[in-house]
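User: I should like to go through this model and ask what stands behind the terms applied to it.

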Amino acid sequence: MLLENVPAHIFRIKPYQPGKPVAEVKRELGLETVVKMASNENPLGPSPLAVQAIGRKITDLNYYPEDSSYYLRQKLSEKLSIDPAMICLGNGSSEIIVNVGRAFLKPGDEILSSEKSFVMYYLCGAYMDNKVVQVPLKDYRFDLEALAEQITPATRIIFIANPNNPTGTYVAQPAWERFISRVPPGTLVVLDEAYSEYVPAPDYPDGIRYLPDHPNLLVLRTFSKIYGLAGIRVGYGIGAPGLIDILNRVKLPFNNNALGQEAAVAALDDTEFVTRSREVNREGLEFMHDFFSRHEIPFIPSVANFVAVLLSGPGEDVFNRMQRLGIIVRPLRSFGIPDAVRVTVGQAEENRLFAETFLRVWREAGGGSR
Ligand SMILES: *Cc1c(COP(=O)(O)O)cnc(C)c1O
């Protein structure tokens with residue numbers, strides 16, 4: 001009776017499927033060491049300055065946090081040389097993605113994005129039954145030309161991941177500039193830069209630079225990746241003050257918890273940690289690319305902290321075999337690439353262990369005999 005009253009589209013939502021926690025895998029498979037290389041987390045742990053800040057704040061937890069994340073917005077404002085009124089905070093950038101949908105979508109409005117991208121863009125449409133038009137990737141990267149051609153009067157929000165998850169590719173400045181100049185002012189462009197701090201490419205466009213000319217642009221960043229704070233849920237959006245005001249109207253009160261705010265403020269000062277994270281990732285990515293190339297294993301060259309590996313059979317097969325050997329990767333069926341897995345770059349020793357295990361599994365699974 002009760003559930004009959006639930007709108008039909010709610011039953012069509014495929015809930016986000018996270019990877020299993022390490023402890024659960026250890027318990028179920030009776031393994032002593034398990035290395036998780038599945039969710040693009042920072043292998044160096046959290047920023048040490050953030051950990052200290054959390055320790056200092058912990059006795060204040062009886063108090064509600066700052067609702068507007070005041071100090072964190074101030075800190076971001078200084079760091080990015082941006083007016084604090086242009087910054088909103090979220091319980092991870094995932095919350096901001098959902099809030100964008102809540103604030104902007106009416107029945108019949110459409111979202112435009114690419115296929116084989118971040119699941120939150122599709123969920124954003126699914127929550128209120130708005131169509132998500134998905135343009136194919138081109139050479140595994142967002143095809144902004146094709147995206148621009150798909151814009152209609154119904155297109156309310158465009159989501160672009162740069163770099164894209166799970167392919168690790170990026171769109172370069174010229175393609176980005178051609179695209180943003182073609183978007184009508186009544187359509188919101190959400191440029192998701194969750195991995196921007198890792199990208200070494202000189203032609204990678206910094207979304208923030210385009211804000212003065214494009215009040216319909218929202219740039220998303222996160223503390224979940226290079227700052228090592230995925231577990232405490234802090235992300236931020238940068239856009240015109242009017243847009244930020246709208247997003248703040250639909251956020252939950254106290255959406256950023258007290259520890260997360262303190263941790264993020266401290267992490268922004270931890271330049272040593274960020275530099276080391278970038279360095280470890282650069283070396284690890286080089287190792288991964290080199291390993292796949294050397295063994296002629298098809299992969300998508302990446303600029304982020306993960307690599308997608310293209311297999312000749314279901315990704316779940318390699319995922320299961322590797323998990324039994326203590327290494328967790330991510331099968332990419334839910335991302336729309338069923339014959340692939342994604343591996344997050346780890347520390348040197350983890351990467352070596354991954355390579356050794358992957359090679360064994362890949363040969364067992366007949367990976368080389370395509
Ligand atoms: C990891 C990731 C995020 C970050 O999500 P949070 O909610 O901030 O943890 C955002 N976008 C993409 C494409 C990601 O891969």
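User: How many salt bridges are there between domain 1 and domain 2?

Analyst: The count between domain 1 and domain 2 is 1 salt bridge. This is a predicted model, in which local features need pLDDT of at least 70 and side-chain atom pairs count only at pLDDT 80 or more, while totals for chains, interfaces and linings use all residues. Residues are numbered from 1 along each chain as its sequence is written, and side-chain values use heavy atoms, with hydrogens and water left out.

User: Why is the meeting of the R12 and D129 side chains called a salt bridge?

Analyst: The term requires a side-chain nitrogen of Lys or Arg within 4 Å of a carboxyl oxygen of Asp or Glu. The side chains of R12 and D129 meet at 3.3 Å, N to O, and therefore satisfy that definition.

User: What defines domain 1 and domain 2?

Analyst: The bounds come from an automatic or database domain assignment. That assignment gives 2–33 + 272–364 as domain 1 and 48–267 as domain 2. Their C-alpha centres lie 24 Å apart.

User: How many residues of domain 1 are in contact with domain 2?

Analyst: With contact taken as heavy atoms within 4.5 Å, 25 residues of domain 1 touch 26 residues of domain 2.

User: What area is buried between domain 1 and domain 2?

Analyst: About 2200 Å² is buried, and carbon and sulfur atoms give 70% of it. Buried area is the accessible area (1.4 Å probe) that two parts lose on being put together, summed over both. V303, F306 and F335 supply 27% of the area that domain 1 buries against domain 2, more than any other three residues.

User: Why does the pairing of D192 with the ligand count as a polar contact?

Analyst: A polar contact is a pair of N or O atoms within 3.5 Å; within protein, one must be able to donate a hydrogen and the other to accept it, and residues adjacent in sequence count only if both atoms are side-chain atoms. An N or O atom in the D192 side chain is 2.6 Å from a nitrogen atom of the ligand, so the distance falls within the limit.
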